[in-house]
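Trainee: Could we go through this model together? I would like to hear the reasoning behind each label.
Mentor: Happy to. Ask away once it is on the screen.

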Amino acid sequence: MRQLILLITGVLVLLPTWAKDDYCYRQITMNDGLAANAVRSIVQDKNGYIWFGTDNGLCRYDGRKVMPFRIAELGISQYISALIVGDDGLYVGTVKGVFFVDFTHQTINRLPMEIHSTVTSLSLDKEGELWVSTMEQGVWRYIVKTGQFNQYN
């Protein structure tokens, strides 16, 4: 009986070390090509790329290297406040509205909403409509299929 108790105790003591998973992680900084060390949003697209919205721009990480994406219309301030992945691309919230990174055509275009305030959050509902909350202009709904939009103060 004593041997059984010692065996069970030994297994219970060693069990946490056997169950330990080996996680590998890597810290990505400006030294690796990230536009800024302050990251505001992170998403992963259907191709496995990880996108970072930083204080100084949009970056894509493929597991090895970081590639910055400049949104020309933003000018000097490349502040990215929110990201969300859609079916065919990436929605990017900024201080000047929402932009769409089209994966198929490899373009970046501004959505037609007249947002001139910092986007605080992006969300897609079950119908695929984009909801945008802003700092000073309320909430917006963008119907992706038609390009129509509504503002809710």
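Mentor: This is a predicted model, and the chain has one helix and 12 strands. Read along the sequence, the helix is followed by the strands, in the pattern α-β-β-β-β-β-β-β-β-β-β-β-β.

Trainee: What share of the chain's residues count as buried?

Mentor: Of the 153 residues, 37% do. The accessible surface comes to about 10,100 Å², and carbon and sulfur atoms hold 53% of that.

Trainee: Let's take single residues. Why is glutamine 137 called buried?

Mentor: Buried means under 20% relative accessible area. Glutamine 137 has 18%, so glutamine 137 counts as buried.

Trainee: Where is glutamine 137 found?

Mentor: In the loop between β10 (130-134) and β11.

Trainee: What makes the link between the side chain of glutamine 137 and the backbone nitrogen of histidine 116 a polar contact?

Mentor: A polar contact needs a pair of N or O atoms within 3.5 Å, one able to donate a hydrogen and the other to accept it. The side chain of glutamine 137 reaches that backbone nitrogen at 2.6 Å, so the distance falls within the cut-off. Beyond four places in sequence, glutamine 137 is in contact with Glu114, Ile115, His116, Ser117, Gln151 and Asn153.

Trainee: How do you know that arginine 141 and glutamate 129 make a polar contact?

Mentor: Their side chains are joined at 3.4 Å, and the limit is 3.5 Å, so the pair qualifies. Arginine 141 is in strand β11 (residues 139-143). Setting aside neighbours within four places, arginine 141 also has contacts that include Trp131, Phe149 and Tyr152.

Trainee: Now threonine 107. Why is threonine 107 called partly exposed?

Mentor: Partly exposed covers the range between buried, under 20%, and exposed, over 50%. Threonine 107 has 30% relative accessibility, so threonine 107 belongs in that middle class.

Trainee: In which strand is threonine 107, and what is threonine 107 in contact with beyond four places in sequence?

Mentor: Threonine 107 is in strand β8 (residues 107-110). Its contacts at that separation are Phe100, Val101 and Asp102. As for isoleucine 71, 36 residues apart from threonine 107 along the chain, the two C-alpha atoms are separated by 9.9 Å.

Trainee: Which residues join threonine 107 in lining the second largest pocket?

Mentor: Asp45, Asn47, Tyr49, Trp51, Arg60, Phe69, Val101, Asp102, Phe103, Gln106 and Ile108. The elements giving two or more residues to that lining are β7 (97-102) and β8. The second largest pocket has a volume of about 220 Å³, and its lining divides into six nonpolar, three polar and three charged residues.

Trainee: And what lines the largest pocket?

Mentor: The largest pocket is lined by 13 residues, with Asp87, Tyr91, Gly128, Val144 and Lys145 nearest its centre. By class, the lining has five nonpolar, three polar and five charged residues. The space in the largest pocket is about 270 Å³.

Trainee: What makes a space a cavity and not a pocket?

Mentor: In a cavity a 1.4 Å probe fits but cannot get out, whereas a pocket is open. The structure holds one cavity of 30 Å³ or more, and the largest cavity has about 30 Å³ of space.

Trainee: Why does the lining of the largest cavity count as two nonpolar, no polar and three charged?

Mentor: The lining residues are Arg60, Asp62, Lys65, Val66 and Met67. Val and Met count as nonpolar, while Arg, Asp and Lys count as charged. That is why the tally is two nonpolar, no polar and three charged.

Key
Residues are numbered from 1 along each chain as its sequence is written. This is a predicted model: local features need pLDDT of at least 70, side-chain atom pairs count only at pLDDT 80 or more; totals for chains, interfaces and linings use all residues. Side-chain values use heavy atoms; hydrogens and water are left out. Buried means under 20% relative accessible area, exposed over 50%, partly exposed in between (1.4 Å probe, protein chains only). Contact means heavy atoms within 4.5 Å. On a 1 Å grid over the protein atoms alone, a cavity is a set of points where a 1.4 Å probe fits but cannot get out, and a pocket is an open set with protein on both sides within 12 Å along at least five of seven lines; lining residues have an atom within 4 Å of a point. Grid points are joined across faces, edges and corners, and a volume is the space filled by probe spheres set on the points. Accessible areas come from the Shrake-Rupley method with a 1.4 Å probe; for residues, only the protein chains shown count as cover.
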